[in-house]
Amino acid sequence: MVISGIAETSLDPAPDRSAMNLCVEASLAAIADAGLTVGDIDGLLCMPPWDSPSSRYHILIAEELGIFSKSLCDSLMMGGASPCAALQFAQWAVASRKCEHVLIVSGEPQLSTYAGVGGVLATFASGAGHNTDYEFPYGVHVPAYYGLVAQRYLHEYGLDASALSPVAVTMRRHALRNPAAQKRAPVTLADVESSPLIASPIRRLHCALTSDGAAAHVVSARSAAAGGGRAIGLLGTGQGHSAYHMGHLVRGDARHDLLRTVCEIAASQAYVEAGITPEDLDVAAVYDSFTITLMLQLEDCGLCGRGEAGDFVAAGNIELDGRIPVNTHGGLLSCGQPGGAGGMLHVNEVVRQLRGEASGRQVDAPQLGLVTSASAVASNYAAAILARA
């Protein structure tokens with residue numbers, strides 16, 4: 001099982017482009033990168049835009065691309081957990097021999113589209129699952145939920161808010177080496193901690209960007225890959241899903257709760273299937289919708305101890321020359337987050353690292369990489385282990 005092709009569009013503002021237009025561009029480029037033609041694709045999975053005109057957006061994309069006959073065609077509606085979950089579904093389809101080449105794609109002009117309708121928070125509030133009878137009417141939005149998670153984390157481990165900031169500085173440092181990144185001006189710890197307060201203790205620079213763009217990749221049977229040695233192995237996948245509402249997350253199940261999430265389940269499944277341990281990893285792309293999101297996953301994935309993520313990052317362990325380089329493209333915090341495609345950029349970055357194609361930010365001869373995806377609030381996770389084929 002391999003990822004045979006990857007691609008993404010520019011992350012520059014694209015007010016004159018539709019989500020479909022962006023998805024088609026990324027799809028065709030990924031298919032070409034795999035050394036395939038559109039006629040070779042027999043499976044399609046997509047993450048539709050927030051303002052999708054149809055619940056059958058996957059069918060619309062297939063029609064636009066001209067993919068007529070498919071054994072798999074569906075949309076994933078897991079939010080930020082979708083990218084690695086899509087890899088697992090594609091893995092199952094190819095392993096069962098129902099498909100040979102599954103295209104995965106997502107994208108939208110999120111920044112341009114939502115700017116005129118009250119911003120991304122207003123859009124999420126009107127359509128996301130947090131718009132409930134018991135929480136949303138009291139003013140809760142996504143950063144506020146993560147603010148509560150961060151407050152609990154700082155309280156439980158006796159830390160102050162400065163523990164959240166090294167992640168943001170490191171992501172920006174990585175983005176400086178990535179000409180495709182949306183934000184490339186350096187930031188300091190002082191810059192992060194003086195940025196506007198969004199939902200205490202979370203500040204603006206603790207939050208992911210809002211971007212325009214699309215990303216795609218192709219999962220293929222190894223025997224059918226035509227990548228000329230550039231195909232990257234998909235060794236293991238996993239998912240973990242818990243509760244959606246904060247009260248249920250706090251109570252947990254005696255093993256997992258607000259700070260010890262079921263990302264541990266997703267990562268463990270992926271490690272076991274791949275036959276590796278966290279110590280074997282050479283590079284990682286960890287979903288970073290907020291700095292606290294990445295910090296919890298560093299701990300859940302066994303990359304550092306409980307309550308140690310802040311110090312682990314501050315000590316340089318996730319830098320390009322660190323113990324485990326993380327989000328070498330800049331992540332959602334500094335490279336960009338064009339909707340569901342944001343987490344797909346994480347997949348593409350690890351593929352580039354394993355290919356040796358991450359110019360200007362290349363890790364020294366990586367063999368194994370971890371990718372994670374996360375959604376809701378510390379609720380839903382997926383993970384994948386990739387390897388130099």
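Which residues in H7 are buried? Keep that in mind while you load the structure, which is a predicted model.

**Stop one: helix H7**

Select residues 165-175, which make up helix H7. The buried ones are Ser 165, Pro 166, Val 167, Ala 168, Val 169, Thr 170, Met 171, Arg 172, His 174 and Ala 175. Because 10 of the 11 residues are buried, H7 is largely enclosed by the rest of the structure. To see what does the enclosing, add helix H8 (189-194), helix H11 (291-300), helix H12 (309-314) and helix H13 (331-334) to the selection: the buried residues of H7 pack against these.

**Stop two: helix H6 and its tyrosines**

Step back to residues 142-157, helix H6. H6 has 16 residues, and from its first C-alpha to its last it reaches 23 Å, close to the 22 Å expected at 1.5 Å a residue. Colour its buried residues and you pick up Pro 143, Ala 144, Tyr 145, Tyr 146, Gly 147, Val 149, Ala 150, Tyr 153 and Leu 154.

Now show the side chains of Tyr 153 and Tyr 157. Both sit in H6, four residues apart, about one turn of the helix. An α-helix has 3.6 residues a turn, so residues three or four places apart point the same way. The model holds three aromatic pairs. Tyr 153 and Tyr 157 form one that is edge-to-face, with 5.0 Å centre to centre and 65 degrees between the planes. How do the two differ in burial? Tyr 153 is buried, at a relative accessible area of 0%, whereas Tyr 157 is partly exposed at 23%. Move on to Gly 158, just after H6, and check its backbone: phi is positive there, about 65 degrees.

**Stop three: a buried threonine**

Jump to Thr 261, in the loop between helix H9 (246-251) and helix H10 (263-274). Is Thr 261 buried or exposed? With a relative accessible area of 1%, Thr 261 is buried. Its side chain reaches the backbone nitrogen of Cys 263 at 3.1 Å. Leaving aside neighbours within four places in sequence, select His 256, Leu 296, Asp 300, Ala 378 and Tyr 381 to see what Thr 261 is in contact with.

While you're in this area of the sequence, pick Arg 255 as well. Arg 255 forms a salt bridge with Glu 264, and the closest N and O atoms are 3.3 Å apart. Arg 255 is exposed, at a relative accessible area of 57%.

**Stop four: more salt bridges**

How many salt bridges are there? The count comes to 13. Try Arg 17 and Glu 25, whose side chains meet at 2.5 Å, N to O. Both partners are partly exposed, Arg 17 with a relative accessible area of 29% and Glu 25 with 34%.

Finish with Arg 230 and Glu 357, which meet in a salt bridge at 2.8 Å, N to O. This pair links distant parts of the chain, 127 residues apart. Arg 230 is in the loop between strand S7 (212-220) and strand S8 (232-241), while Glu 357 is in the loop between helix H14 (341-355) and strand S10 (368-375). Arg 230 counts as partly exposed at 27% relative accessibility, and Glu 357 does too at 33%. Add Asp 33 and Arg 355 to the selection: together with Arg 230 and Glu 357 they are linked in a network of salt bridges.

Note on methods
Residues are numbered from 1 along each chain as its sequence is written. This is a predicted model: local features need pLDDT of at least 70, side-chain atom pairs count only at pLDDT 80 or more; totals for chains, interfaces and linings use all residues. Side-chain values use heavy atoms; hydrogens and water are left out. Helices (H or I, at least four residues) and strands (E, at least two) are DSSP runs, numbered from the N terminus. Buried means under 20% relative accessible area, exposed over 50%, partly exposed in between (1.4 Å probe, protein chains only). A polar contact is a pair of N or O atoms within 3.5 Å; within protein, one must be able to donate a hydrogen and the other to accept it, and residues adjacent in sequence count only if both atoms are side-chain atoms. Contact means heavy atoms within 4.5 Å. A salt bridge is a side-chain nitrogen of Lys or Arg within 4 Å of a carboxyl oxygen of Asp or Glu. Rings of Phe, Tyr and Trp (its six-membered ring) pair if their centres lie within 6.5 Å; planes under 30 degrees apart count as stacked, over 60 as edge-to-face and the rest as tilted. The expected span of a helix is 1.5 Å times one less than its number of residues.
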